[in-house]
Amino acid sequence: MSGETPASAEELWSAVDSYIRDRLIPQDPVLDAALAASDASGLPPIATSAAQGKLLELLARAHGARRILELGTLGAYSTIWLARSLPPDGELITLEADPRNARVAESNIQAAGFGQIVQLRLGPALETLPKLAAEGTPFDLIFIDADKRNDESYLEWSLKLSRPGSVIIVDNVVGAGAIIDPNARNPWGEEGGVDGVRRFYDRLGAETRLDATVIQTVGEKGHDGFALAIVK
Ligand code: SAH
Ligand code: DHB
Ligand code: MG
């Protein structure tokens, strides 16, 4: 790509992501293997990019997170990035509804050496979240990246599962502009996803217990964005 003119905005974003990765994110056999195993098992290529995954790790580390909750594991790519931020006695619970994804994720988590730190709970997140709330201990950081139609409920549960100062990060809140397009179809391949994200925004904006912003992103995963909120 270098030296050539990218044919499209998407190609340019991807080429810049490669430039960033080449300079700032060293070769990473563990994460490469997790992605290769996910590919080989037929999982879709919808994990965060390397630059986004590392952002998650750095945010969690900057925050001093010791307990992390993730909604939506897929093959555990973002899980492994987040787990790297944790101290040896840290804890990461990740929720996944699809048993096939969960099998691939478990294997990737073991291979990455995080079997002690990461616990995968299989089942629809809305069934697992009340159990976590009953268990009591709040999370320092919550990463929401599951089915978008339930983002508003996930935000509500996140408030129950957090403490003042907890950080909530939500992936896929822009969808290449679908959120402002009345004719938008399903940018995340999910019926009702866009309306779900719009309800999430309305709730986030009205929620007096949170301070929040959204940052749009472009890169090898196209145009999307992260919401970042802090519990007051
Ligand atoms: N966080 C991952 C990507 C997650 S993709 C990464 O960046 O590496 C979204 C995942 O959410 C998929 O694995 C999908 O099976 C899962 N998911 C969808 N609906 C869910 C639900 N109701 N409960 C839990 N997980 C769900
Ligand atoms: C897609 C991307 C995501 O980051 C996600 O969590 C779910 C779906 C997608 O591009 O289809
Ligand atoms: Mg996502």
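**Close-up views of the ligand sites**

**View 1. Polar contacts of ligand 1 in the predicted model.** A nitrogen atom of ligand 1 lies 3.2 Å from a polar backbone atom of A97, in what is a predicted model of the protein with its ligands. A second backbone contact involves L74, a polar main-chain atom of which is 3.3 Å from an oxygen atom of ligand 1, whereas N101 takes part through its side chain, with a polar atom placed 3.0 Å from an oxygen atom of the ligand. Considered alone, ligand 1 exposes 590 Å², and the protein buries 87% of that area.

**View 2. The shell and pocket around ligand 1.** The space that ligand 1 takes is the largest pocket. Among the secondary-structure elements, α4 (77–83) and β2 (91–96) are those that give two or more residues to the shell around this ligand. Altogether 21 residues surround ligand 1, and the closest of them are G72, S78, E96, A125 and D145. Sorted by class, the shell of ligand 1 comprises 10 nonpolar, six polar and five charged residues.

**View 3. The surroundings of ligand 2.** I46, D145, K148, D171, N172 and W188 surround ligand 2, and by class this shell consists of two nonpolar, one polar and three charged residues. D145 thus appears in the shell of ligand 2 and also among the closest residues around ligand 1. The space taken by ligand 2, like that taken by ligand 1, is the largest pocket.

**View 4. Polar contacts of ligand 2.** Side chains of three residues of the shell are shown with oxygen atoms of the ligand: a polar side-chain atom of K148 lies 2.8 Å from an oxygen atom of ligand 2, and a polar side-chain atom of D171 lies 3.2 Å from an oxygen atom of ligand 2. For N172, an N or O atom of the side chain is 2.8 Å from an oxygen atom of ligand 2. Taken alone, ligand 2 exposes 290 Å², of which the protein buries 72%.

**View 5. The magnesium ion (ligand 3) and its protein donors.** The magnesium ion has as its protein donors D145 (OD), D171 (OD) and N172 (OD1), which lie 2.0 to 2.1 Å from the ion. Along the chain these donors follow the spacing D-x25-D-N. Distant parts of the chain are linked by the pair D145 and D171, which are 26 residues apart: D145 belongs to the loop between β4 (141–144) and α7 (151–160), while D171 belongs to strand β5 (residues 167–171). The donors D145, D171 and N172 are also among the residues that surround ligand 2.

Methods: Residues are numbered from 1 along each chain as its sequence is written. Chains are lettered from A and ligands numbered from 1 in the order in which they are written. This is a predicted model: local features need pLDDT of at least 70, side-chain atom pairs count only at pLDDT 80 or more; totals for chains, interfaces and linings use all residues. Side-chain values use heavy atoms; hydrogens and water are left out. A residue is near a molecule or strand if one of its heavy atoms lies within 4 Å of it. A polar contact is a pair of N or O atoms within 3.5 Å; within protein, one must be able to donate a hydrogen and the other to accept it, and residues adjacent in sequence count only if both atoms are side-chain atoms. Accessible areas come from the Shrake-Rupley method with a 1.4 Å probe; for residues, only the protein chains shown count as cover. On a 1 Å grid over the protein atoms alone, a cavity is a set of points where a 1.4 Å probe fits but cannot get out, and a pocket is an open set with protein on both sides within 12 Å along at least five of seven lines; lining residues have an atom within 4 Å of a point. A molecule sits in a cavity or pocket if more than half of its atoms lie within 2 Å of its grid points. Ala, Val, Leu, Ile, Met, Phe, Trp, Tyr, Cys and Pro count as nonpolar, Asp, Glu, Lys and Arg as charged, and the others, Gly among them, as polar. Donors are N, O and S atoms within 2.8 Å of the metal (3.2 Å for Na, K and Ca); water is not among the atoms, so sites may look incomplete. Helices (H or I, at least four residues) and strands (E, at least two) are DSSP runs, numbered from the N terminus.
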